[in-house]
Amino acid sequence: MASKVLFSPVAYSRYEESQTLPAKFDRLLEASGLAERVKDKSVAIKMHVGCGTSYSTIPPVFVRKLVNFVKKNGGNCFITDHYIASRNPGMRGYTEEYVGAPVIDACGYFGKYYYTKEVDYRSLKHIDIAGHIHDADFLIDFSHVKGHGACAYGGACKNIAMGCVTDRTRRQLHGLEGGLLWEADLCTQCEQCIQSCNHNANRFSGEGEYRVNYHNCTLCQHCVKVCPTGAISLDSHNYEDFQRGMAICTKTVLDTFEPDNVYYINMLISITAVCDCWGMTTPSLVPDIGIIAGEDIVAVEAASLDMIKFEDLIAVGVPEGMELGPSGHLFERLHYKNPYTQLTMLEEQGLGSREYGLTEIR
């Protein structure tokens with residue numbers, strides 16, 4: 001059975017405040033059924049607060065409206081992310097005075113407050129769930145949609161898998177990034193692999209070890225093809241292990257909550273090529289689209305991806321000189337990784353279905 005997904009479009013018909021996206025967000029929240037579900041609960045609002053000079057994160061006006069809605073309906077909420085102390089969210093308007101709720105580090109000020117769940121998937125062995133998220137009664141996954149070099153797409157899943165855990169878990173997840181194998185004993189360090197890479201994705205470390213940045217790597221295999229000694233080869237698992245690891249991590253975090261105590265809101269505005277964690281903002285890839293929300297993470301992610309179309313590409317959103325792939329979703333053409341693979345992995349974990357029915361809230 002198709003999951004119900006709410007959609008508030010950015011498109012408007014009249015010059016009046018009621019036609020703006022913040023006003024539509026109010027109406028979407030009223031239609032969401034959240035009012036009864038947050039009453040008398042502690043609510044963690046998980047979002048990305050950005051860093052550096054980024055300005056494409058969720059505008060504070062939407063955060064304030066969500067906080068006001070939760071409080072109006074009897075919930076006690078807080079805003080949370082990791083690295084709060086070093087990211088200075090107040091510089092982007094995320095202050096308690098403005099948004100109306102505390103802005104706290106999910107793992108505590110020193111990053112040492114968490115609960116560990118053991119898993120066993122390649123390098124992923126420990127899911128350290130952030131303590132303040134674990135202790136909350138209700139989770140609102142409030143995500144800014146954008147591209148991502150390692151998994152093509154960052155939305156609701158990435159906001160949980162990479163943002164509700166400790167550094168140890170993030171390192172183990174990043175250990176799943178891959179696709180290339182390097183054999184040191186065959187390598188002469190001629191650097192033909194470096195020179196052939198069009199994406200600045202590889203280098204030799206000071207210790208002479210071959211390093212690949214899978215955020216930039218498109219698995220084009222130019223390095224494999226030019227290596228005169230066969231020191232570099234393609235690993236069969238390529239980028240899918242990282243996708244599956246994120247799905248496992250997401251399920252582990254979500255299992256902390258009762259089934260009806262999680263809700264997903266995806267903001268499809270300022271959709272850029274790379275993640276907000278880069279500490280900078282590039283031009284948008286497509287025009288602003290609106291807001292997607294629902295109770296099924298897979299359906300919400302599917303609806304979000306379906307609305308981002310290559311035909312709507314704004315050319316300035318792509319780095320000058322970059323060659324896009326010939327087919328697939330816009331994010332696949334940009335990062336050479338299929339973003340829908342992430343949804344398949346979420347479905348494997350029993351977290352929902354990509355079948356959805358869209359209800360417009362204008």
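For these notes, a cavity is a set of grid points where a 1.4 Å probe fits but cannot get out. I'm working on a predicted model.

**Cavities**

I looked up enclosed space and got two cavities of 30 Å³ or more. The largest holds about 110 Å³. I pulled its lining: 14 residues, with L180, C197, C217, C220 and C223 closest to the centre. Which elements each supply at least two of those lining residues? I found β12 (210–212) and α10 (222–226). Sorted by type, the lining of this largest cavity is nine nonpolar, five polar and no charged residues.

Next I checked the second largest cavity, at about 90 Å³. I get 15 lining residues for this one, and C187, C190, C193, C227 and I232 sit nearest its centre. Its lining splits into 10 nonpolar, four polar and one charged.

**Sheet**

I then traced an open sheet of eight strands with mixed pairing, ordered β4-β3-β2-β7-β14-β15-β1-β16. Why is one side of β4 (103–105) and of β16 (356–360) left without a neighbour in the sheet? Both stand at the edges and have a single partner strand each, so there is nothing in the sheet on the other side. Ignoring direction, I read an average turn of 25° between neighbouring strands.

Zooming in on one edge, I see β3 (residues 76–81) pairing parallel with β4 over three bridges. There, I79 has V103 as its bridge partner in β4.

**Helices on the sheet**

I noted α1 (residues 21–31) packing on the sheet, where α1 touches β1 (3–9), β7 (138–144), β14 (262–268) and β15 (290–294). Its direction makes about 160° with that of β1. I also logged α12 (residues 297–307), which lies across β1, β14, β15 and β16 and runs at about 10° to β14.

Terms used
Residues numbered from 1 in each chain as written. Predicted model: local features only at pLDDT ≥ 70, side-chain atom pairs only at ≥ 80, totals over all residues. Heavy atoms only, no water. 1 Å grid on protein atoms, 1.4 Å probe; cavity = no way out; pocket = protein on both sides within 12 Å on 5 of 7 lines; lining within 4 Å. Points joined across faces, edges and corners; volume = space filled by probe spheres on them. Helix = DSSP H or I, 4+ residues; strand = E, 2+ residues; numbered from the N terminus. Nonpolar A, V, L, I, M, F, W, Y, C, P; charged D, E, K, R; others polar. Pairing = 2+ DSSP bridges. Axes fitted to C-alpha atoms, helices over the stretch in contact; angles between N-to-C directions. Contact = heavy atoms within 4.5 Å.
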